[in-house]
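Student: I'd like to learn how to read binding sites and pockets in a model. Can you walk me through one?

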Amino acid sequence: MSFLVAMRGWHEPDWLERFQRLMPGRTVVSARDSFDPAAIDYVACWRHEPGSLARLPNVKALFSLGAGVDHLVGDRNLPPAPIVRVVDPDLTHRMTEWVVWQCLDWLRQGKTYRRQQAASEWIDDRDQPSAGDVRVGVMGLGVLGLDAVGALQRLRFDVAGWSRSPKTIDGVPAFSGEAGLMAFLARTDILVVLLPLTEATRGILDAALFAGLARDGRLGGPVVINGGRGGLQAEADILAALDAGTLLGASLDVFETEPLPATSRLWLHPAVTITPHNASMSAPDAVAAAIADQIRDFERGLPLRNVVDRTRGY
Ligand code: NDP
Ligand code: OXD
């Protein structure tokens, strides 16, 4: 049987070579080449051409090469096989590094001091709150959100979280669902977004949500930090909220269109920090090895791990 690699935007030859090395007994083929659809039993995907996996009658599992699966779940013509996503400690830790970096940069007014340094200005009259004075709200309490919460707690930020289903987290007020959203926002100075992109979360970061954030915080206004997906945010609303002072700032790793077009006003906005969708990343060798391990275990009769709920979309 054959293993199909269907990807766009990444260097495919490296992935083909990697999978072939890890699974010498299997033929590894690219979706760009001709192959026998009936021979494919597993697929690895990253932003595959929608519809291109429709006719694979014997596929047993679809492996996302990323933690997010919106690129797969959004394809209405997928075979009915389980979708497996990446859960990798290294990817999780890297995301936590990015979240902590951004939270500390806003707490310690990094943009202001970088501007002052560029102008050789020594100005030391600004309010300097400590982490304990600042309320961070983490949207999404899954693998990434919970790890970030732990690190932010250790830095003594005043952390709360919001998720779809109710949770109990030691020392962290946890809000859930529509009913808990406004109360969560009302106690949030820094909003960290680690949600998946689904039908329920698309466009959630809009003007109405920004208007619900706390206005009495020590930073002088609320900040949004989005490491989830660009489809969660209405960029026109972010810009309008920044211009109106409803938001003090934004750190964005993900965008409605990627790469972020050179014409976007976000690039030059003084209150925006941009990273190019690399807040975290899958270490290719670790991801490929985990997929090869899963296939080996599954063929021995063990259940697949990190299977996505297709109905929820994550
Ligand atoms: P998980 O599936 O582990 O967690 C998702 C969390 O979001 C859960 O807590 C879930 O709630 C919550 N959630 C989902 N839908 C809703 C909703 N409608 N309302 C409220 N909460 C909701 O995902 P991960 O933590 O592993 O990853 C999160 C996302 O991060 C990925 O989907 C991906 O898009 C993004 N990502 C970005 C990267 C980057 O480099 N920028 C790298 C890796 C991932 P509940 O707990 O109740 O199920
Ligand atoms: C992602 C990833 O989902 O890099 O963005 O894993």
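Tutor: Let's go through the ligand sites and then a pocket. Keep in mind that this is a predicted model.

Student: Where do I start with ligand 1, and which residues come nearest to ligand 1?

Tutor: Start with the shell, meaning residues with a heavy atom within 4 Å of the ligand. Here 29 residues surround ligand 1, and Leu141, Ser165, Lys167, Asp253 and Tyr314 come nearest.

Student: Which helices and strands each supply at least two residues of that shell?

Tutor: Among them are helix H3 (89–107) and helix H5 (143–154), along with strand E7 (158–163).

Student: How does the shell around ligand 1 divide by class?

Tutor: You get 14 nonpolar residues, ten polar ones and five charged ones around ligand 1.

Student: And which polar backbone atoms should I look at?

Tutor: For polar contacts, look for N or O pairs within 3.5 Å. Leucine 141 puts a polar backbone atom 2.8 Å from an oxygen atom of ligand 1. At serine 280, a backbone N or O atom is 2.9 Å from a ligand 1 oxygen atom. Glycine 227 has a polar backbone atom 3.0 Å from a nitrogen atom of ligand 1.

Student: How much of ligand 1 does the protein bury?

Tutor: Take the ligand alone, then ask what the protein covers. On its own, ligand 1 exposes 940 Å², and 92% of that is buried by the protein.

Student: Now ligand 2. Which residues are around ligand 2?

Tutor: Same recipe. The residues are Trp46, Gly66, Ala67, Gly68, Leu91, Arg229, His277 and Ser282. By class that makes three nonpolar, four polar and one charged.

Student: Which contacts of ligand 2 use backbone, and which use a side chain?

Tutor: Alanine 67 has a polar backbone atom 2.7 Å from an oxygen atom of ligand 2, and for glycine 68 the backbone distance to a ligand 2 oxygen is 2.8 Å. Histidine 277 uses its side chain: an N or O atom there sits 3.0 Å from an oxygen atom of ligand 2. As for burial, ligand 2 taken alone exposes 210 Å², of which the protein buries 88%.

Student: What about the second largest pocket: how much space lies in it?

Tutor: For a pocket, check volume, lining and chemistry in turn. The second largest pocket holds about 560 Å³ of space. Its lining has 26 residues, with Asp70, His71, Gly74, Leu197 and Arg202 nearest the centre.

Student: Which helix gives the most to that lining?

Tutor: Helix H2 (residues 70–73), with three residues. By class, the lining of this pocket has twelve charged, nine polar and five nonpolar residues.

Note on methods: Residues numbered from 1 in each chain as written. Chains lettered and ligands numbered in written order. Predicted model: local features only at pLDDT ≥ 70, side-chain atom pairs only at ≥ 80, totals over all residues. Heavy atoms only, no water. Polar contact = N/O pair within 3.5 Å; in protein donor to acceptor, adjacent residues only side chain to side chain. Areas by Shrake-Rupley, 256 points an atom, 1.4 Å probe, with all protein chains shown as cover. Helix = DSSP H or I, 4+ residues; strand = E, 2+ residues; numbered from the N terminus. Nonpolar A, V, L, I, M, F, W, Y, C, P; charged D, E, K, R; others polar. 1 Å grid on protein atoms, 1.4 Å probe; cavity = no way out; pocket = protein on both sides within 12 Å on 5 of 7 lines; lining within 4 Å. Points joined across faces, edges and corners; volume = space filled by probe spheres on them.
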